[in-house]
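Reader: I have just opened this structure and would like a friendly tour. Could you walk me through it?

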Amino acid sequence: MTTAPAIGQPLDRVDGRPKVTGTARYSAEIPIPGTAYACLVGSRVASGRITGIDASSAQAEEGVLAVLTHQNLPRIAEQPPLVPSLAGTAAPGQTFFPMQDDIVHYAGQHIAIVVADTWERAQHAASLLRVSYEETPPVTTLEQGRDQAYEPERIFGGWLPGRVERGNIDAGLAEADARVEATFTYAANNHNPIEPSCTTAEWDGDELVLYDSTQGVNATQLTVARLLGTPLSKIRVIGHYVGGSFGSKAMIHDHAALAAMAAREVGRPVKLALSREQMFTSVGHREEQEQEIVLGATRDGRLTGIRHHKLSPTSHFDDWAEPSIGVASEIYACPNYQGVYRLFRANTMTPTFMRAPGEASGMLALECAMDELAQELGVEPIELRLRNYTDASPSSGHPWSSSGLRECYRRGAARFGWEGRDPRPGMRREGNWLIGTGMASAGYPVAPPANPQRARARLYADGTALVQAATPDFGTGVATVMTQVAADGLGMPVDRCRFENGDTDLPNIAAAVGSAGAGMISAAVHSAATALRNQLIARAVADANSPLHGANPVDVVVRDGVMTAGTASDSYVDLLQRNVQPDAEASGAWSPPAGDAPYAMMTFGAQFAEVAVDPEFGLVRVRRMTGAFAPGRVLNPKLARSQLMGGMLWGLGQALLEANYTHPRTGRWANASLGEYLVAVNADAPDVDVELVEVEDDIVNPLGVKGVGEVGQVGAAAAIANAVWHATGRRVRKMPITIEDLL
Amino acid sequence: MRPITYSRAIDTATAIAAVSADPTSDFLAGGTTEIDLLRQNVLHPRRLVDINDLPLTQIEATPEGGLRIGSLARMSEVAAAPVVRERFPMLSQALELGASAQLRHMASMGGNLLQRVRCSYYRDAESPCNKREPGTGCSAIEGFSRGHAVLGTSEHCIATHPSDAAVALMSLDAQVHTLGPDGGERTYAFDDFFLLPVDSPHREHPMEHGELITAIEVPAAPVARHSLYLKIRDRESYEFALVSVAAALSVVDGIIADVRVSLGGVATKPWRARRVEDFLIGAAAQRSNFAQAARVELIDARATSMNAFKVELAQRAIVRALETLTGDGSESPA
């Protein structure tokens, strides 16, 4: 692949117009005649047993078609294990399916579905259910569970070990000239995409169509098939438009299968949409947690040991912790390392992926501790990081497939104006405000999918092309960038190419999670598009009527749909029309690098923030942020910048705003609304400056794309927390940092 | 969402007759509280009487130098009215710092006074709450109480009154005019219009069922021309106050001639800081006096472990507000 015109252009979103004009149909907006509406009912109590459900008044309401509870909902065929959806297998959000018995494990657990002919009637009937419980005291907080903590063998759906060690941590810390020890606490976080999850289910005989708001239509298909015992060939999942996810739709939560079950029960299509409140109890969350970190370093700032322990609650069914010791264990050269997860069983649903799952929280602890170390040693913060820079993964010893981290520090610092910063805290004042600056490193793993990714390209004789892959676009802009990738692969203008996606009838793509979407989908699309181009070239050089007849295929270049070799040329359209061929088609597949490839893969970046703190009021306002990131090849700088900026603002939310807490006695979430769970609004958003540091990477995938979806968040909160220290001299180790921490 | 009968009243008498005849009915104005809570199963009206067509939208300067605001005037209209900006800047600022632009365009002034508390447990129909279901207990006292009140609380309820505008109106000695079910006009002093929770937190105001707010009257207050509303919150917009201060100050020869201070975000009703005012009248306009006055106001505060910071923050906010008004407080750049 040589440089090509469409890739790298700031193309506007191809789905922009339908979205802003309202013609885009989301999963809750599919007009199917006869659709009934399902309303989920969540458990009031967080722990106990249902002793009775009186559904008589609900059932007596006009229009009510069914009230399904553990007493009458059919049993599931099989509970698949929890495996991250990137694996391309069934991916339930937890290994628990509701309404199979009378036990209540967490507040909001789905205990009934009410189906009626209108949404309002379903809602009303649901409010008439009388449920009695035998309650037992719940465990939901760190304080309640701390004493029962255990060390899991594996976490994260079994994908990661519960303990990671290299070298000798005790020796490493013992030989250190300087040590930093710090404990960080983090409130639980919720995703809050603008579109609450929804599934619309329609049966035709024994064939099922699901319209689902998901990051992976295939993941929905695979999961629902196992739960219902339905052949994959009889389930089609469509997700053309998805209104954001941030991980809440990365795994397939129970409402998807419940919609199908309800539709089968009532013999009508059923639409099941979660309410905003239910988005806090039905799709997982980022768990409350505590992280202890100990850094040891030589006098000149070289790390001799990192110990990183995490404590967090998990559900009764799964050993889940977001992998906070992942990137934080890899980003610096350090011979001695120990990372340990400790969990306790709590009355919660299984936590789940939430943007930069683990990286955001783990790098906060590491990068704030690095800032303390810099302060203690009197080493400039960027210089400290450069002294610990590594060209290779410190655990495997394999070189990075590409890095760019040093360039990110350099260019980020230059744009931000970092040089000449007075390292002493509390030195800058403007009126009532103390001003401080801080920085942090960013890193996010490049996680290839587990199996081949496929796409299909078709060229019509009128000179337009259709390129297809199953992936939904959940707001990232993937449909736009894949149009660009397809155009370049085919050698055609972008406005003659259409990318069709979000349907399991199209070639298989794993769920677009872990920032892997752009890399793996572009690989498949590029493969299909170039396969079709090569097919057409081969056809032209073999065609006695083509001016290219007899040319060597490798000498043929294609631009604007015209194949050229030397002075001879033939167009795709002429070739097809001459041969009375209505279209031509090719499939493409990309197999990700094998797990034992001798490379380590990570996306790097550097974050900078300036804050103003009103010390009398404890108020923190972020005045500006700069992030420099090295995401490999940038397919569309406009969309990449938006993704990274969004991630940085998520970091602002993580640092200063976002928090949820359970009630210690009832186990219910306190802030289950957008009024009380604070996400950053425009008024909070400072001037955000994003610098793209392109690095070449021949290893990760054919186009060298490393992903931009999450790395923007990593380190952003740490840069802000470090800036708060620089403004005030106070180290706050609780996220979010709020007024009471700084009074 | 239960089935609801909806009607649109064409005149005030009909509206009042319709609501007072049916104990399960509510007036519907902007709907920005009512509809939310109805969808969340917190409020259960069976009948909504829409009053948006009633002629209660005026914003009038009174000849005496005051202001009369119709109960259906929208927050955004009142905030923008030149007479409000000129005579009562604290009210204009309080309105503009409240809610979001969309909500301010919908929400009525009468509804603003009657808006329900933001306590998470009140708004979660499944949690115990004495305000929502008397006798079930208060979840907030041992729960997430960071935003809750430290003044005017009881063992039955610690929910904070959420309105910003009402804090300014409290400083301005406003009056609430109503029409009762019998058609009679009634007038309440602002302080009497908001009830402390004591042992009946479900009773928030003295009106009877079917009584309708028609207007809010603000008497002339020359001191208010030099006033401000200071609001402290985590998020820069669209968040209720953790602490707010509506203050007006008149200083003659360094001595405080007139002062008005009310607090929001810290009390179960819009809180007139009378101890601050009593302490400061006739005192020198200086920081030490402001701080001492603030200390006296908060001396009876009762906090939980989560909202204890408000006791200190409220004092600092009072001092900042008064210092800003005396002209030697620094302006905020951010």
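**Strands and hairpins**

Author: Happily! In the hairpin of S11(A) and S12(A), two residues sit between the strands, and A:Gly205 there has a positive phi near 65°. This is a predicted model, where local features need pLDDT of at least 70, side-chain atom pairs count only at pLDDT 80 or more, and totals for chains, interfaces and linings use all residues. Residues are numbered from 1 along each chain as its sequence is written, while chains are lettered from A and ligands numbered from 1 in the order in which they are written.

Reader: What is the bridge partner of A:Glu202 in S12(A)?

Author: Strands are DSSP runs (E, at least two residues; helices are H or I, at least four), numbered from the N terminus. Two strands pair if DSSP finds at least two bridges between them. S11(A) and S12 (residues 207–212) are antiparallel over six bridges. Within S12(A), A:Glu202 has as its partner A:Val209.

Reader: Why is strand S11 of chain A largely enclosed by the rest of the structure?

Author: A residue counts as buried with 20 or more other C-beta atoms, placed from the backbone, within 10 Å of its own (exposed: 12 or fewer; partly exposed: in between). S11 (residues 198–204) of chain A is largely enclosed because, of its seven residues, the number buried is five.

Reader: Which residue of S14(A) is the bridge partner of A:Cys198?

Author: S11(A) also pairs with S14 (residues 270–273) of chain A, antiparallel over four bridges. There, A:Cys198 is matched with A:Ala273.

Reader: Which residue takes a positive phi in the hairpin of S20(A) and S21(A)?

Author: S20 (residues 453–460) and S21 (residues 465–468) of chain A pair in the antiparallel sense over four bridges. Their hairpin has four residues between the strands, and the positive phi, near 90°, belongs to A:Gly463.
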